[in-house]
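Let's take a friendly walk through a structure together. Have the view ready and follow along, topic by topic.

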Amino acid sequence: MDKKIIALSANYAYLDKAETTIKSILWHNQFVKIYLFNYDIPQEWFVNINQYTKQIGSQIVDTKFDPNLLKDNRVHWFYLNKMTYARFLIPAMIKESRVLYLDSDLVVVQSLDELFSVDFAGKKILGVTDYGSTKEINAGVLLLNNKGLRQIPHLSQKLIQYAATHNLPNHDQSVINDYFKNEIGHLPLAYNYMIGLDTSAYWFHRPDIRTFLDQVKNPKIIHYATQDKPFNTLSSGRMRSTWWFYHNLCWPAIVQKYSIFDLKQIEPQKFKGEAFIFTAQAEIDNLQALVVALPELRFNIAAYTEMAPKLVNFIRYPNVKLYKTVIDKKLNCLISNADIYLDINEGLKEEKVINRIKARHIPILSFESVADHKQNYDKYRVFKDDQVKQMIKKIKSIIDNR
Amino acid sequence: MQVIALAANYGYLRQTETTIKSILYHNSLVKIYLLNCDIPQEWFININQYVNQFGAKIVDTKFNPELIKNLNSRWDYINEMAYARFLIPKLIPDDRVLYLDSDLIVDDQIDELQAVDFKDKEIMAVPDYGDANQFNSGVMLMNNQKLKQDGNLSQKLLSLSADSKLDNGDQSVLNAFFKGKIFPLPAQYNYQVGYDYNAFWHHSQYLLDKLNSIKHPKIIHYLTFDKPFNFISHGRMREKWWFYHNLELAQLVQKHTVFNSLKIGPQKFKGQVFIFTRRVEIEHLEELIKDLPDVRFNVAAYTNVAWPLLELQKYFNYRIYPNVAGYTLHKCIADADLYLDINLGAKQDEIVDQVKKRHIPFLAFKDSAYQQPNYDNYTIFANDQVQAMASKIKQLLVQGK
């Protein structure tokens with residue numbers, strides 16, 4: 001069965017809101033793969049939540065991106081931040097052909113199955129008419145024809161630039177409506193019930209907004225747009241308790257709704273062994289290939305310095321642990337736990353660390369172009385630069401036979 | 001019962017909840033006062049539905065943010081909430097209080113602190129590993145009975161806190177004010193693992209020796225900026241923090257007793273009363289709320305409301321609706337079983353007229369009542385007859401349903 005693909009974006013400070021959205025999705029939908037765009041949410045959160053969601057066939061993918069990508073984008077409202085532009089990164093970072101993007105100030109209150117079989121009818125994006133500015137679709141719920149979008153070269157980059165240079169009143173929403181115009185199609189109002197407009201409808205005497213709200217009898221997605229959020233200490237709009245219902249849902253209860261909850265699957269991560277890399281540079285040869293091929297090996301990567309976003313983003317893999325500006329106690333620990341040292345970083349090598357590894361008589365593996373060819377150590381093994389598969393095989397045999 | 005005090009703002013709730021879970025993982029009969037200005041009521045109601053199952057309680061201790069406004073420190077990771085601990089003698093009635101920071105976890109039973117004999121001591125704390133002349137203010141066992149004897153103590157401490165040159169925020173104030181009156185607790189009650197990073201980069205053998213000398217930490221304190229909840233951190237024991245963070249409340253209950261999921265759910269009330277006000281003065285409101293926990297009090301206003309009406313959110317049967325409008329206002333009116341005409345000052349006549357159309361009973365005190373209510377179901381009580389009104393409400397809501 002194909003998983004339903006959903007994308008969210010949030011920074012760490014907004015995590016409890018995004019988690020509430022996720023809980024609501026999974027309370028009503030099984031077999032979902034959720035890409036959570038972020039640059040600062042700790043790995044521990046992802047590891048833990050996946051121990052629950054995998055019991056009901058769903059997955060939360062840590063989709064890290066470099067925040068500098070959005071550095072030129074601006075926002076006008078205090079309750080928004082640059083993360084609102086992260087949805088533009090979907091075509092660049094998600095491969096699947098149909099993606100449902102959801103804001104994190106909304107909750108899903110029914111099954112979304114129908115959305116995953118809707119015909120795009122040649123359109124690139126489907127959305128719901130914004131109840132407050134009806135010429136636009138609201139950008140909080142977007143069904144993306146990602147296959148079509150990905151055919152436009154550099155689309156993510158173009159949208160981000162468009163936003164930075166035009167600085168439009170409705171941010172990402174204006175950009176989408178401006179940019180795609182006739183390629184936009186419409187979804188029923190129930191898929192983006194903009195309850196957050198409750199208070200504006202009243203205070204600004206907008207009977208038109210009320211008409212929209214009153215039309216929807218059976219909402220599927222409840223969107224707390226505007227600043228009147230249900231998670232504020234106090235709020236004025238309706239359906240506050242709906243949000244708190246999902247917020248307060250306990251993960252075991254969500255699993256229990258579909259399956260028998262297995263507490264034994266909630267545990268500290270287990271690895272078959274630990275590989276250590278000490279680096280002064282972000283460039284580490286074939287790191288991604290190794291990390292993906294060896295999920296049961298823990299990769300400890302340490303540096304005396306800060307780390308560049310390129311390296312930091314490796315934390316999206318649950319078997320990668322990063323130790324920037326590492327301190328002695330930690331370093332001692334990493335050296336003494338290492339089963340294998342990977343001398344695959346470019347640039348300067350830290351002689352002192354490597355000497356301590358050698359003193360422990362554990363294997364060191366390297367690639368030709370980054371190897372220290374003067375090494376006089378009988379357990380130092382150099383592979384050709386394209387022999388990644390061979391190195392993986394070697395690592396497996398070392399770990400299995402240790 | 002152990003009494004513990006914490007202080008946090010809404011933005012720090014994830015951390016505070018982790019501290020709470022760690023405390024209650026190892027200690028069950030605990031009453032935790034959480035000093036705050038802005039944490040939503042829903043959070044308190046929910047967590048209590050879990051922890052009450054094994055005898056613990058989290059008390060929503062709201063205080064006026066004006067009390068600590070503009071207090072600051074030279075460290076950007078310490079904000080004005082750090083000074084909230086000085087409000088303990090003012091806000092907490094219990095004789096013995098253990099104050100804990102929210103960047104720490106409790107990793108063991110700590111009920112022996114209940115038995116420590118204060119004799120004449122006012123405060124017990126652990127010396128700061130980084131400065132042996134100071135006590136660290138993150139863990140304080142407070143002889144609150146003695147501290148409360150000075151009725152102005154909280155105010156005095158807050159006045160001293162206004163000094164912007166304080167080297168170490170609340171900790172400097174504490175050590176200066178109580179100089180010679182703080183007595184040591186064993187170092188394991190405040191294991192300052194946050195110094196890991198400083199110790200290494202500043203080559204402090206003293207700190208390293210100190211950290212190494214403590215074998216069985218009971219309370220682990222992630223002080224300095226190097227926090228385990230940061231995206232990436234440097235010090236040890238990060239995984240311990242995340243263990244408590246990731247602990248589900250149902251599992252926490254299960255540690256002490258059989259978890260009963262039927263106790264988790266929306267609140268239930270015998271009935272709802274409605275008040276629409278234009279002023280903060282509402283006669284005997286707090287007494288009625290306390291007296292009638294089974295009755296939900298909905299208080300609404302067209303405007304923002306002053307602190308006293310916000311503070312009452314600490315009672316789970318009270319809900320304030322500032323800037324009320326549209327659908328929410330209609331719902332308040334439609335859900336009302338009773339209207340309490342107990343707000344002083346001018347009335348919002350058109351709202352009162354809408355309520356009257358529902359033919360529900362009105363109760364008022366003499367000073368708050370309409371001169372001519374023009375409504376046949378309108379009962380007026382003498383100003384001091386709070387009990388009589390409470391009984392009447394009980395009677396109406398039980399009988400009327």
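In chain B, strand β6 (residues 123–128) and strand β7 (residues 131–143) run antiparallel and are joined by 5 bridges. Helices and strands here are DSSP runs numbered from the N terminus (helices are H or I with at least four residues, strands are E with at least two). This is a predicted model, in which local features need pLDDT of at least 70 and side-chain atom pairs count only at pLDDT 80 or more, while totals for chains, interfaces and linings use all residues. Residues are numbered from 1 along each chain as its sequence is written, chains are lettered from A and ligands numbered from 1 in the order in which they are written, and side-chain values use heavy atoms, leaving out hydrogens and water.

**The sheet of chain B**

- Within the β6–β7 pair, B:Asp128 has B:Asp131 of β7(B) as its bridge partner.
- These strands belong to an open sheet of 7 strands with mixed pairing, in the order β3-β2-β1-β4-β7-β6-β8 (chain B); two strands pair if DSSP finds at least two bridges between them.
- At the edges are β3 (57–62) and β8 (182–184) of chain B, each pairing on one side only.
- On average, neighbouring strands of this sheet are turned by 40 degrees against each other, direction ignored; axes are lines fitted to C-alpha atoms (for helices over the stretch in contact), and angles run from 0 to 180 degrees between N-to-C directions.
- Helix α1 (residues 13–26) of chain B packs on the sheet and touches β1 (2–7), β2 (30–36), β3 and β4 (96–100) of chain B, where contact means heavy atoms within 4.5 Å. The direction of helix α1 makes about 170 degrees with that of β2(B).
- Helix α6 (residues 169–177) of chain B lies across β6, β7 and β8 of chain B, at about 90 degrees to β7(B).

**The sheet of chain A**

- Chain A has an open sheet of 7 strands in the order β3-β2-β1-β4-β7-β6-β8, with mixed pairing.
- Here β3 (59–64) and β8 (184–186) of chain A stand at the edges with a single partner strand each, so one side of each has no neighbour in the sheet.
- Neighbouring strands of this sheet are turned by 30 degrees against each other on average, direction ignored.
- Strand β2 (residues 32–38) of chain A runs parallel to β3(A), and 6 bridges join them. A:Leu36 has A:Asp62 in β3(A) as its bridge partner.

**Where the chains meet**

- 41 residues of chain B are in contact with 44 residues of chain A.
- Together the chains bury about 3900 Å², 60% of it on carbon and sulfur atoms; buried area is the accessible area (1.4 Å probe) that two parts lose on being put together, summed over both.
- In chain B, B:Phe231, B:Ile232 and B:Tyr327 lose the most area to chain A, together 20% of what that side buries.

**Salt bridges**

- The rule finds 36 salt bridges over all chains, each being a side-chain nitrogen of Lys or Arg within 4 Å of a carboxyl oxygen of Asp or Glu.
- B:Arg238 lies in helix α9 of chain B and A:Glu44 in helix α2 (residues 43–53) of chain A, so this pair joins two chains.
- In that salt bridge, the closest N and O atoms are 2.5 Å apart.
- Across the interface of chain B and chain A, 2 salt bridges are found.
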